[in-house]
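Please look over the fold and its charged and buried residues. A short report follows the display.

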Amino acid sequence: MARPREFDEGAVLDAAVLCFWRQGYEATSVKDLVERTGITAASLYNAFGDKRGIYRKALDHYVEGGVADRIRRCEALAPREAIGASSRRY
């Protein structure tokens, strides 16, 4: 039986998004991710597999949390309104 996670996945992914955003994928090390997210390397590997795995989850998290939400909000608007609304911060 797998142990339950002892960290907030959303908070870890938010921290990973910022780390990748600031440094880029290539320049970000697992050590950087451990320092930024506050979880151990073992927890990172167990939860996400590897750096590419956490990158993919972080990207999905970013898109779903920000971009996808904006798209959903704009779908009901007329085209010109959608263009204006998409450039505003929500």
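Does Lys57 count as buried, exposed or partly exposed? Lys57 counts as partly exposed, at 37% relative accessibility. The model is a predicted one.

**Overall fold**

The protein has five helices and zero strands. Along the sequence the pattern reads α-α-α-α-α. Its radius of gyration is 16 Å, well over the 12 Å that the globule rule gives for 90 residues, so the protein is more spread out than a compact globule. The C-alpha trace spans about 50 × 35 × 20 Å along its principal axes.

Of the 90 residues, 28% count as buried. The protein exposes about 6500 Å². Carbon and sulfur atoms supply 53% of that area. Among contacts with a separation of 6 or more, 45% are between residues 24 or more positions apart.

**Salt bridges**

Side chains of opposite charge can pair when their charged atoms come close. How many salt bridges does the structure hold? The structure holds two.

One salt bridge joins Glu9 and Lys57, with the closest N and O atoms 3.5 Å apart. Glu9 lies in helix H1 (residues 9-23) and Lys57 in helix H4 (residues 51-75), so the pair ties together parts that are 48 residues apart in sequence. Glu9 is partly exposed, at a relative accessible area of 24%. Lys57, as given above, is also partly exposed at 37%.

Another salt bridge is formed by Lys31 and Glu35. Here the closest N and O atoms are 3.9 Å apart. Lys31 and Glu35 are four residues apart in helix H2, and about one helical turn separates them. Lys31 is exposed, with a relative accessible area of 59%. Glu35 counts as exposed too, at 54% relative accessibility.

**A buried acid in H2**

Asp32 sits in helix H2 (residues 30-37). Which side chain of opposite charge is nearest to Asp32, and how far away is it? That side chain is Arg36, 6.4 Å away. A salt bridge needs a nitrogen-oxygen pair within 4 Å, so a distance of 6.4 Å does not qualify. Asp32 is buried yet has no salt bridge.

Asp32 does have a polar partner. Its side chain makes a polar contact with the side chain of Gln23, at 2.9 Å. Leaving aside neighbours within four places in sequence, Asp32 is in contact with Cys19, Gln23 and Ala27.

Thr28 shares part of this setting. Thr28 is found in the loop between H1 and H2. Thr28 is buried, with a relative accessible area of 2%. Beyond four places in sequence, Thr28 is in contact with Cys19, Phe20, Gln23, Leu33 and Lys51. Cys19 and Gln23 are also in contact with Asp32.

**Buried residues in H1 and H5**

Leu13 is placed in helix H1. Leu13 counts as buried, at 4% relative accessibility. Not counting residues up to four places away in sequence, Leu13 touches Phe48, Ile54, Lys57, Ala58 and His61. Among these partners is Lys57, the residue that forms a salt bridge with Glu9.

Ala15 also lies in helix H1. Ala15 is buried, with a relative accessible area of 15%. Outside the span of four places in sequence, Ala15 touches Arg36 and Thr37. Arg36 is the residue with the side chain of opposite charge nearest to Asp32.

Ala82 is found in helix H5 (residues 79-87). Ala82 is buried, with a relative accessible area of 15%. Setting aside neighbours within four places in sequence, Ala82 is in contact with Cys74 and Leu77.

Each of these three residues has a listed C-alpha pair:

| Pair | Separation in sequence | C-alpha to C-alpha distance |
|---|---|---|
| Ala15 and Ala58 | 43 residues | 8.7 Å |
| Ala82 and Arg70 | 12 residues | 9.4 Å |
| Leu13 and Arg56 | 43 residues | 10.0 Å |

**Recap**

The protein is built from five helices and zero strands. The Glu9 and Lys57 salt bridge ties H1 to H4. The Lys31 and Glu35 salt bridge lies within H2. Asp32 is buried and has no salt bridge, but its side chain makes a polar contact with the side chain of Gln23.

Terms used
Residues are numbered from 1 along each chain as its sequence is written. This is a predicted model: local features need pLDDT of at least 70, side-chain atom pairs count only at pLDDT 80 or more; totals for chains, interfaces and linings use all residues. Side-chain values use heavy atoms; hydrogens and water are left out. Helices (H or I, at least four residues) and strands (E, at least two) are DSSP runs, numbered from the N terminus. Buried means under 20% relative accessible area, exposed over 50%, partly exposed in between (1.4 Å probe, protein chains only). Lys and Arg count as positive and Asp and Glu as negative; His and the chain ends are not counted. A polar contact is a pair of N or O atoms within 3.5 Å; within protein, one must be able to donate a hydrogen and the other to accept it, and residues adjacent in sequence count only if both atoms are side-chain atoms. Contact means heavy atoms within 4.5 Å. The radius of gyration is taken over C-alpha atoms; the globule rule is 2.2 Å times the number of residues to the power 0.38. Accessible areas come from the Shrake-Rupley method with a 1.4 Å probe; for residues, only the protein chains shown count as cover.
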